Amino acid sequence: MQLVCPACLTRNRVPDERLADAPQCGRCGAALTPDTPVALDDQRFSAFIDGTELPVLVDYWADWCGPCRMMAPHFEAAATHLPGVRFAKVDTEAAPATSRAAHIRGIPTLVLYHRGREVARHSGALQSRDILAWVGQQLQQQGPTR
(Lines give C-alpha, C1' and ligand atoms only; values in the text may rest on other atoms or scores of the structure.)
Protein backbone atom coordinates (compact mmCIF):
# COMPACT_ATOMS: atom_id res chain seq x y z
CA MET A 1 0.00 0.00 0.00
CA GLN A 2 1.37 3.42 -0.89
CA LEU A 3 0.69 6.30 1.50
CA VAL A 4 1.80 9.90 1.22
CA CYS A 5 3.14 11.46 4.40
CA PRO A 6 0.86 14.33 5.48
CA ALA A 7 3.87 16.26 6.82
CA CYS A 8 6.55 16.02 4.11
CA LEU A 9 4.58 14.48 1.17
CA THR A 10 7.04 11.60 0.79
CA ARG A 11 5.53 8.45 -0.72
CA ASN A 12 5.87 5.48 1.64
CA ARG A 13 5.22 1.80 0.99
CA VAL A 14 3.42 0.10 3.87
CA PRO A 15 2.46 -3.59 3.80
CA ASP A 16 -1.33 -3.94 4.01
CA GLU A 17 -1.06 -6.03 7.17
CA ARG A 18 0.90 -3.21 8.89
CA LEU A 19 -1.64 -0.41 8.30
CA ALA A 20 -3.10 -0.87 11.79
CA ASP A 21 0.37 -0.64 13.40
CA ALA A 22 0.57 3.20 13.28
CA PRO A 23 3.14 3.34 10.45
CA GLN A 24 5.51 6.32 10.34
CA CYS A 25 7.11 8.15 7.45
CA GLY A 26 10.53 6.77 6.57
CA ARG A 27 11.78 10.29 5.89
CA CYS A 28 10.41 12.54 8.66
CA GLY A 29 8.87 10.11 11.17
CA ALA A 30 5.35 11.61 11.04
CA ALA A 31 2.33 9.34 11.42
CA LEU A 32 1.17 8.09 8.02
CA THR A 33 -2.36 7.27 9.20
CA PRO A 34 -3.26 9.99 11.70
CA ASP A 35 -6.73 9.78 13.22
CA THR A 36 -7.27 13.50 12.64
CA PRO A 37 -7.93 15.25 9.31
CA VAL A 38 -4.96 16.57 7.34
CA ALA A 39 -5.07 20.17 6.10
CA LEU A 40 -4.38 20.42 2.38
CA ASP A 41 -3.75 23.49 0.25
CA ASP A 42 -3.22 24.15 -3.45
CA GLN A 43 0.42 23.04 -3.31
CA ARG A 44 -0.12 19.82 -1.33
CA PHE A 45 -3.47 18.57 -2.60
CA SER A 46 -2.50 16.69 -5.77
CA ALA A 47 0.57 15.02 -4.27
CA PHE A 48 -1.45 13.77 -1.31
CA ILE A 49 -4.55 12.63 -3.21
CA ASP A 50 -2.77 11.15 -6.23
CA GLY A 51 -0.11 9.32 -4.23
CA THR A 52 -2.36 7.69 -1.65
CA GLU A 53 -3.83 4.27 -2.41
CA LEU A 54 -6.31 4.36 0.48
CA PRO A 55 -9.58 6.23 -0.03
CA VAL A 56 -9.36 9.90 0.99
CA LEU A 57 -12.40 11.81 2.23
CA VAL A 58 -12.01 15.56 1.75
CA ASP A 59 -14.12 18.18 3.51
CA TYR A 60 -14.25 21.39 1.44
CA TRP A 61 -15.08 24.17 3.90
CA ALA A 62 -14.56 27.84 4.82
CA ASP A 63 -14.16 29.58 8.16
CA TRP A 64 -17.10 31.95 7.55
CA CYS A 65 -19.50 29.05 6.83
CA GLY A 66 -21.77 28.22 9.78
CA PRO A 67 -22.71 24.70 8.58
CA CYS A 68 -18.99 24.00 7.97
CA ARG A 69 -18.12 24.98 11.54
CA MET A 70 -21.03 22.87 12.80
CA MET A 71 -19.85 19.82 10.86
CA ALA A 72 -16.13 20.15 11.75
CA PRO A 73 -16.26 18.21 15.06
CA HIS A 74 -18.37 15.50 13.42
CA PHE A 75 -15.84 15.17 10.60
CA GLU A 76 -13.01 14.85 13.15
CA ALA A 77 -14.97 12.27 15.13
CA ALA A 78 -15.65 10.22 12.00
CA ALA A 79 -11.91 10.20 11.24
CA THR A 80 -11.24 8.24 14.42
CA HIS A 81 -13.69 5.50 13.39
CA LEU A 82 -12.50 4.80 9.83
CA PRO A 83 -8.82 3.80 9.94
CA GLY A 84 -9.00 2.54 6.34
CA VAL A 85 -9.89 6.01 5.07
CA ARG A 86 -7.68 9.09 5.21
CA PHE A 87 -9.44 12.33 6.13
CA ALA A 88 -8.44 15.74 4.80
CA LYS A 89 -9.77 19.30 4.85
CA VAL A 90 -9.47 21.95 2.17
CA ASP A 91 -10.21 25.55 3.12
CA THR A 92 -11.85 26.86 -0.06
CA GLU A 93 -10.71 30.41 0.70
CA ALA A 94 -7.06 29.39 1.16
CA ALA A 95 -7.05 26.88 -1.73
CA PRO A 96 -9.07 28.48 -4.53
CA ALA A 97 -7.35 26.58 -7.36
CA THR A 98 -8.06 23.21 -5.76
CA SER A 99 -11.66 24.22 -5.07
CA ARG A 100 -12.16 25.37 -8.67
CA ALA A 101 -10.60 22.18 -10.06
CA ALA A 102 -12.95 20.11 -7.89
CA HIS A 103 -15.95 22.16 -9.10
CA ILE A 104 -16.97 23.08 -5.56
CA ARG A 105 -20.15 25.16 -5.83
CA GLY A 106 -21.38 25.02 -2.23
CA ILE A 107 -19.92 24.18 1.15
CA PRO A 108 -19.57 22.07 3.09
CA THR A 109 -18.97 19.47 0.41
CA LEU A 110 -17.49 16.03 1.06
CA VAL A 111 -15.64 14.38 -1.81
CA LEU A 112 -14.41 10.80 -1.63
CA TYR A 113 -11.31 10.12 -3.72
CA HIS A 114 -9.75 6.75 -4.46
CA ARG A 115 -6.43 6.39 -6.26
CA GLY A 116 -6.53 10.02 -7.30
CA ARG A 117 -10.00 10.16 -8.78
CA GLU A 118 -13.32 11.31 -7.38
CA VAL A 119 -15.70 8.44 -6.68
CA ALA A 120 -18.49 10.16 -4.68
CA ARG A 121 -19.68 13.57 -3.52
CA HIS A 122 -22.09 14.92 -0.92
CA SER A 123 -23.03 18.55 -0.35
CA GLY A 124 -24.36 19.75 3.00
CA ALA A 125 -23.48 19.25 6.64
CA LEU A 126 -23.63 15.78 8.17
CA GLN A 127 -23.27 14.42 11.68
CA SER A 128 -20.54 11.86 12.37
CA ARG A 129 -22.88 8.85 12.19
CA ASP A 130 -24.16 10.08 8.82
CA ILE A 131 -20.61 10.61 7.53
CA LEU A 132 -19.71 7.06 8.58
CA ALA A 133 -22.84 5.63 6.95
CA TRP A 134 -22.33 7.59 3.71
CA VAL A 135 -18.65 6.62 3.40
CA GLY A 136 -19.45 2.99 4.23
CA GLN A 137 -22.12 2.92 1.53
CA GLN A 138 -19.79 4.48 -1.04
CA LEU A 139 -16.95 2.07 -0.25
CA GLN A 140 -19.31 -0.88 -0.45
CA GLN A 141 -20.45 0.26 -3.90
CA GLN A 142 -16.82 0.71 -5.00
CA GLY A 143 -15.77 -2.76 -3.89
CA PRO A 144 -12.39 -3.63 -2.31
CA THR A 145 -10.06 -0.69 -1.76
CA ARG A 146 -7.00 -2.61 -2.93
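Two strands count as paired if DSSP finds at least two bridges between them. The model used here is predicted.

**Exercise 1. Sheet order**

Work out which strands form the sheet, and find its edges.

Solution.
- Start with the order. Five strands line up as S3-S5-S4-S6-S7. The sheet is open, and its pairing is mixed.
- Now take the edges. Strand S3 (38-40) and strand S7 (117-123) each pair on one side only.
- Add the twist. From one strand to the next it averages 25 degrees.
- Look at one edge in detail. S3 and strand S5 (residues 86-91) run parallel, joined by three bridges. Here Ala-39 stands opposite Lys-89 in S5.

**Exercise 2. Helices on the sheet**

Determine which strands helices H2 and H4 touch.

Solution.
- Helix H2 (residues 66-79) packs on the sheet and touches strand S4 (56-61), S5 and strand S6 (109-114). The direction of H2 makes about 160 degrees with that of S5.
- Helix H4 (residues 128-142) also packs on the sheet, with contacts to S4, S5, S6 and S7. Its direction makes about 145 degrees with that of S7.

**Exercise 3. An aromatic pair**

Classify the pair Phe-45 and Tyr-113, and decide whether each residue is buried or exposed.

Solution.
- A search of the whole structure gives two aromatic pairs. In the pair of Phe-45 and Tyr-113, the centres are 5.7 Å apart and the planes make 75 degrees.
- Planes over 60 degrees apart count as edge-to-face, so this pair is edge-to-face.
- Locate the partners. Phe-45 lies in helix H1 (residues 45-51) and Tyr-113 in strand S6, 68 residues apart.
- Check burial. The cut-off is under 20% relative accessible area. Phe-45 has 11%, so Phe-45 is buried. Tyr-113 has 7%, so Tyr-113 is buried too.

Terms used
Residues are numbered from 1 along each chain as its sequence is written. This is a predicted model: local features need pLDDT of at least 70, side-chain atom pairs count only at pLDDT 80 or more; totals for chains, interfaces and linings use all residues. Side-chain values use heavy atoms; hydrogens and water are left out. Helices (H or I, at least four residues) and strands (E, at least two) are DSSP runs, numbered from the N terminus. Axes are lines fitted to C-alpha atoms, for helices over the stretch in contact, and angles run from 0 to 180 degrees between N-to-C directions. Contact means heavy atoms within 4.5 Å. Rings of Phe, Tyr and Trp (its six-membered ring) pair if their centres lie within 6.5 Å; planes under 30 degrees apart count as stacked, over 60 as edge-to-face and the rest as tilted. Buried means under 20% relative accessible area, exposed over 50%, partly exposed in between (1.4 Å probe, protein chains only).
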